[in-house]
Each structure stands twice: as C-alpha cells, then as structure tokens.
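Q: Hey, can you walk me through this one? I'd like to know how far to trust it and then look at a few spots.

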Amino acid sequence: MELKESICYALNRFAEVAGLQEFKWSHVWFLFSTIAVVFIVELIAVKWQKSALRKIIQFDKSARNDLFYWLTEIGNIFNLIAFVLTFGIAYFLVGIIQNAVHFELGLFITIPILQFIVIYLISDLNAYFNHWVFHRIRPLWKLHEFHHSATSFTILTRYRGHFVEMSLKRFIDVLPFVIVGAPIQTYFGVKILKEIHGLMVHSNITSGWGFVGRYLIVSPAAHRIHHSINPKHYGKNFGNTFIIWDRIFGTYLESETSIEIGVPNNPYNKKDVVTDVFIGIKRFFRGIFFADK
Ligand SMILES: [Zn+2]
Ligand SMILES: [Zn+2]
C-alpha cells in the first residue's frame, strides 16, 4: 500500500514540478510585492549607494547568481530543475516517509492559537536543526556553501540556495509535519511575515534590532554574522525566525558592525550561473568521497 501510494505521490509531484500545474499569478504577485516592500524599506534605511537595487543594477557575478535563483522561483521552474538534478529521488523518498509516518500530534491540541504557536515553534526549531546539519556535515556544507558564497547581500540572496540542497532539505523539512500534522504554510499572514523577514535579513540593513534581536527574532545583524567570512564568526546564528534556539544551544553571537560576507577561497561567482550549479554538485560528491576536500 505504502509503495503504491509513494509511487502515486512521486508521479503527482513530477506532474506538479514538470510545470503541468497551473501557473499561479498569485505566487508571482506574492514574490514581487514582498520584495518591493523590502527594497523600499532598505532604500530608505541605507540610501542608494549601499542599496541592494544598486548592486543588482551593477550586475556583478554574485548578484547575477542571486537574480537567477529568484527568477527560477518566479518562473516556477526551481522545483523542476531540482527534481531533474536529483532524478526525483528526494521527492520519491519524502513521499514514502509521509505515507509511512503520520502521527498528527498537533490534533491533540484543540485550542487553535496554541496549536499554531506549537507548530510554528517546532517548525522553526526544525529549521534551526536543518541549517545546523548543513553546516556540520561536510558534503552538505559543500552545497550550502553556495548560499554563503554571496559576496554582498542583494535581498534576492534569500533565494540563493543550491537546487540539490533544497531537494535534500525536504527530508528534514518533512519531519515536523509528519509528527505534528497541520502544515504551517496554510497560515498566509505568517507566510508573508516570514518572507519579508527572510528578505530583510539578506538586505544591507545592519541593525541588531535591540532587545528583540538579542532575545527573540533573528536580526539582519545576526544573519550577517552567520554569513561572515571571518573564521571567528563560523557556526553562529543558525536561527530562521527565532534567535531563541541559538540562545538555548549556545550558538548565538552578538552583532558587530561592518562585517565582510562570503566564504574563503570562494569557488563561485567566477563564470556563469550554470557552471556554479555544477561546481556545487562536484564539491558535494568530493565531500562524500574525499575527507580532505
Ligand atoms: Zn548557513
Ligand atoms: Zn542567508
């Protein structure tokens, strides 16, 4: 039964990602409107010279990568490329997990607001753990390194994630939902806020957000430290929405001003965007087979 359902799931996913699903303008509108809000806020906060818009117009190779990944999202082809590059394996296995395990513990919480808070917190803790794993396991870091290879923030940097990384992340992402049940994505208001927040922390605003940034929400300054090229900042501030997990697990680092971002010996942003996709895959496999690579 499970196998049959899994095959159905994989085929359905394929149909979906192969572009057979209807093209949703609401999704494009969502991506454009959230990014417009953050572009305007950033422009007011940091002025033109330091703005993401200026960096995008200058169109250096780091900004070009960011733009490419944002366009694949807008054009609804990110998943299709991810599916093809991983031969659909991640999608198929996630289907098996979803069909085999489904606890729906969240349904035991009957007060809607409480259920919402619990699911949100578990999902955010999962994102923290997911992010931590992609830094600590060598081949996975080789993929995630691509997100960190941005040499400046263009706001669009939020979308800069290797196709294979995003496919593999499905395994970890699916866990809280098979355990807790109800998908948090259904809460549209939170989706907008999460999106704006995710874009904001990849902007050129460097604010630490005071008390809120120190104890509650990941601030732009905190995420900038996460992207720092300076080795003394490595392995810090993994949080997605909440900084509390970094506080609890001892990975929090207080913000500093003027931090250079990127990775040492950066292999990316040299040729074209397609070359960078394959550099990521090559480094992933070298990470698996060669301990020192
Ligand atoms: Zn990271
Ligand atoms: Zn980031």
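Q: Which helix has the lowest mean pLDDT, and which has the highest?
A: This is a predicted model, and among the elements of the chain the lowest mean pLDDT, 67, belongs to helix α1 (residues 2–20). At the other end is helix α13 (residues 244–249), with the highest mean, 97.

Q: What does the chain average?
A: The average pLDDT is 86, and 87% of the residues score at least 70.

Q: And what do I do where pLDDT is low?
A: Don't read the predicted coordinates in detail there.

Q: OK, new topic: helix packing. What numbers describe two packed helices?
A: People use the angle between the axes and the distance between them.

Q: So what are those for α7 and α8?
A: Helix α7 covers residues 112–136 and helix α8 covers residues 138–148. They pack at an angle of about 105°, and their axes are 5 Å apart.

Q: What would you call that, parallel or perpendicular?
A: Roughly perpendicular: an angle from 65 to 115 degrees counts as that, so α7 and α8 fit the description.

Q: Which residues meet there?
A: From α7 you have V133, F134 and H135, and from α8 they meet L140, W141 and H144. Sorted by class, the contact of α7 with α8 has four nonpolar residues, two polar ones and no charged ones.

Q: Switching again. Where is W209, and what is its phi?
A: W209 sits in the loop between α10 (188–200) and α11 (210–215). Its phi is near 60°, which is a positive value in a residue other than glycine.

Q: Is W209 buried or partly exposed?
A: Partly exposed, because W209 has 19 C-beta neighbours inside 10 Å and buried takes 20 or more.

Q: What about N269?
A: N269 has a phi near 65°, again a positive value in a residue other than glycine. You'll find N269 in the loop between α13 and α14 (273–289). N269 counts as partly exposed because it has 19 C-beta neighbours inside 10 Å.

Q: Last one: where does L67 lie, and what does it touch?
A: L67 is in helix α4 (residues 61–74). Leaving out residues up to four places away in sequence, L67 touches I56 and L156.

Q: How far apart are L67 and I56?
A: Along the chain, they are 11 residues apart, and their C-alpha atoms are separated by 7.7 Å.

Q: And is L67 buried or partly exposed?
A: L67 is partly exposed, since 17 other C-beta atoms lie within 10 Å.

Key:
Residues are numbered from 1 along each chain as its sequence is written. Chains are lettered from A and ligands numbered from 1 in the order in which they are written. This is a predicted model: local features need pLDDT of at least 70, side-chain atom pairs count only at pLDDT 80 or more; totals for chains, interfaces and linings use all residues. Axes are lines fitted to C-alpha atoms, for helices over the stretch in contact, and angles run from 0 to 180 degrees between N-to-C directions. Helices (H or I, at least four residues) and strands (E, at least two) are DSSP runs, numbered from the N terminus. Angles under 35 degrees count as roughly parallel, over 145 as roughly antiparallel, 65 to 115 as roughly perpendicular and the rest as oblique. Two residues are in contact if their C-beta atoms, placed from the backbone, lie within 7 Å. Ala, Val, Leu, Ile, Met, Phe, Trp, Tyr, Cys and Pro count as nonpolar, Asp, Glu, Lys and Arg as charged, and the others, Gly among them, as polar. pLDDT is the predictor's confidence in each residue, from 0 to 100. A residue is buried if 20 or more other C-beta atoms lie within 10 Å of its own, exposed if 12 or fewer, and partly exposed in between; C-beta atoms are placed from the backbone.
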